[in-house]
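Reader: I have the sequence and the fold open in front of me. Could you walk me through it, question by question?

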Amino acid sequence: MNIDQLLINMWDDYTLLNPKALEIYNLFKKKEEIVVNDHVAFRTFNHQSVNIDVFAKAFVEHGYIKKDYYEFKKKKLDAYHFEHDNPKYPKIFISELKIDQFSNKLQSKINGLIEQIPPEIISRVDFCISGRAWEISYKDYQELKEESEYAAWLSAFGFRVNHFTVLVNALNTFSDLRELNEFVKSNGHILNASGGEIKGSPEQYLEQSSTLSYNQETHFSDGKHTIPACYYEFAKRHILPNGELFSGFIAGSADKIFESTDKGQ
Ligand code: NI
């Protein structure tokens with residue numbers, strides 16, 4: 001599988017789980033926009049079998065290079081973003097939960113989930129969208145949620161795209177992110193307002209907004225429950241003093257963006 005096919009499969013898997021993101025994408029297409037993806041974000045655990053380096057292996061083999069490191073102290077997350085030499089490919093943002101900083105109960109639950117993953121799944125090129133290779137009860141999901149929203153989300157969905165991000169710079173019909181936000185809201189979508197609808201500023205060279213996650217009926221070992229799944233993000237990048245477009249991320253903004261999966265719509 002080449003990187004183009006992997007990206008197509010990632011988009012297909014994401015929109016299957018989040019038909020509402022496809023709805024927004026189609027609203028842009030109706031305006032004859034060409035939608036460019038700024039980045040695609042994934043979540044994983046810092047367990048040696050599935051940590052960022054394991055997770056990124058297929059991307060690195062396809063020409064992606066590990067770039068900047070980000071720390072989210074309160075959420076107990078580390079992250080890196082990866083970039084491809086060819087700018088037509090989106091950046092890949094991978095975060096990992098530092099499970100060793102949580103209770104023994106959480107650690108043993110998460111280790112128990114990871115141990116259920118057949119090794120051949122981890123070595124697959126499309127491991128990043130292999131989904132959930134374990135059984136989990138709704139009770140365990142709720143217990144994980146008490147300690148970490150992030151851990152609960154991962155335990156329910158497994159390895160899948162958390163969000164795609166539209167590069168607002170590449171859209172012609174919106175002069176700024178505020179205008180895009182109004183357009184998205186006027187079409188019935190709810191934005192994540194944690195820390196304000198727009199995170200970051202032109203002075204930080206990056207402005208971001210996102211929808212609140214869409215609720216999805218999800219299978220648990222003790223029944224089906226409707227929980228927040230994934231969201232769609234919008235990023236407007238600004239020019240650095242050296243004339244280049246800022247290509248990194250702002251930890252303070254991403255911290256609030258993570259909360260897009262805390263509640264659903
Ligand atoms: Ni993002």
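**Helices, metal site and core**

Author: Start with a helix, and keep in mind that the model is predicted. Helix H8 spans residues 177-186, and its buried residues are Leu 177, Leu 180, Asn 181, Phe 183 and Val 184. They cover an arc of only 160 degrees around the axis, which puts them on the same side of H8.

Reader: Which exposed residues sit on the face of H8 turned away from its buried side?

Author: H8 has a buried side, and that side packs against helix H2 (19-30), strand S7 (206-210) and strand S10. The face turned away from it carries exposed residues. These are Arg 178 and Ser 186.

Reader: Which residue caps the N-terminal end of H8?

Author: Look at the backbone nitrogen of Arg 178. A side-chain oxygen lies 3.3 Å from that nitrogen. The capping residue is Asp 176.

Reader: What phi does Gly 188 take?

Author: Gly 188 comes just after H8. Its phi is positive, at about 95 degrees.

Reader: Which residues of helix H6 are buried?

Author: H6 runs over residues 138-147. Its buried residues fall within an arc of 120 degrees seen down the axis, so they line one face of the helix. That face packs against helix H4 (104-114), H7, strand S8 (215-220) and strand S9 (223-228). Lys 139 and Glu 146 are exposed on the face turned away. The buried residues are Tyr 138, Tyr 141 and Leu 144.

Reader: Which protein residues donate to the nickel ion?

Author: The donor atoms lie 2.0 to 2.7 Å from the ion. The histidines each give NE2, and the glutamate is listed twice through OE. In sequence the donor residues are spaced H-x123-H-x69-E. They are His 39, His 163 and Glu 233.

Reader: Is the nickel site tetrahedral or irregular?

Author: The site has 4 donor atoms, with angles of 51 to 125 degrees among them. Four donors count as tetrahedral if all angles lie between 85 and 135 degrees. The angle of 51 degrees falls outside that range, so the site is irregular.

Reader: How many residues apart in sequence are the parts tied together by His 163 and Glu 233?

Author: Both His 163 and Glu 233 are buried. His 163 lies in strand S5 (residues 163-167) and Glu 233 in strand S10 (residues 231-237), so the pair ties together parts whose separation in sequence is 70 residues.

Reader: Is Arg 237 buried or exposed?

Author: Arg 237 is found in S10. Its side chain makes a polar contact with the side chain of Asp 38, at 2.6 Å. A polar atom of that arginine side chain also lies 2.8 Å from the backbone oxygen of Gly 248. With a relative accessibility of 3%, Arg 237 counts as buried.

Reader: Which residues of the largest nonpolar core touch the most other members?

Author: This core has 83 residues. Phe 42 is one of those asked for, and its contacts beyond four places in sequence include Met 10, Phe 55, Phe 59 and Arg 160. The full set is Met 10, Phe 28, Phe 42, Tyr 232 and Phe 234.

Reader: What is the relative accessible area of Arg 160?

Author: Arg 160 is placed in the loop between helix H7 (149-157) and S5. Beyond four places in sequence, its contacts include Asp 13, Leu 17, Phe 42 and Trp 153. Arg 160 is buried, and its relative accessible area is 17%.

Reader: Where is Glu 32, and what is its phi?

Author: Most residues other than glycine have a negative phi. Glu 32 has a positive one. The residue is exposed, with a relative accessible area of 73%. Its place is the loop between H2 and strand S1 (37-45), and its phi is near 60 degrees.

Reader: What phi does Tyr 205 have?

Author: Tyr 205 lies in the loop between strand S6 (199-201) and S7. At a relative accessible area of 25%, Tyr 205 is partly exposed. Its phi is positive, near 70 degrees.

Reader: Which residues is Ala 251 in contact with, neighbours within four places aside?

Author: Ala 251 lies in helix H9 (residues 251-257). It counts as partly exposed, at 26% relative accessibility. Its contacts are Glu 71 and Phe 72.

Technical notes:
Residues are numbered from 1 along each chain as its sequence is written. This is a predicted model: local features need pLDDT of at least 70, side-chain atom pairs count only at pLDDT 80 or more; totals for chains, interfaces and linings use all residues. Side-chain values use heavy atoms; hydrogens and water are left out. Donors are N, O and S atoms within 2.8 Å of the metal (3.2 Å for Na, K and Ca); water is not among the atoms, so sites may look incomplete. Four donors count as tetrahedral if all angles lie between 85 and 135 degrees; four count as square planar and six as octahedral if opposite donors are over 155 degrees apart and all others between 65 and 115; anything else is irregular. Helices (H or I, at least four residues) and strands (E, at least two) are DSSP runs, numbered from the N terminus. Buried means under 20% relative accessible area, exposed over 50%, partly exposed in between (1.4 Å probe, protein chains only). A nonpolar core is a set of buried Ala, Val, Leu, Ile, Met, Phe, Trp, Tyr and Cys residues joined through side-chain atoms within 4.5 Å. Contact means heavy atoms within 4.5 Å. The arc is that of the directions from the helix axis to the C-beta atoms. A polar contact is a pair of N or O atoms within 3.5 Å; within protein, one must be able to donate a hydrogen and the other to accept it, and residues adjacent in sequence count only if both atoms are side-chain atoms.
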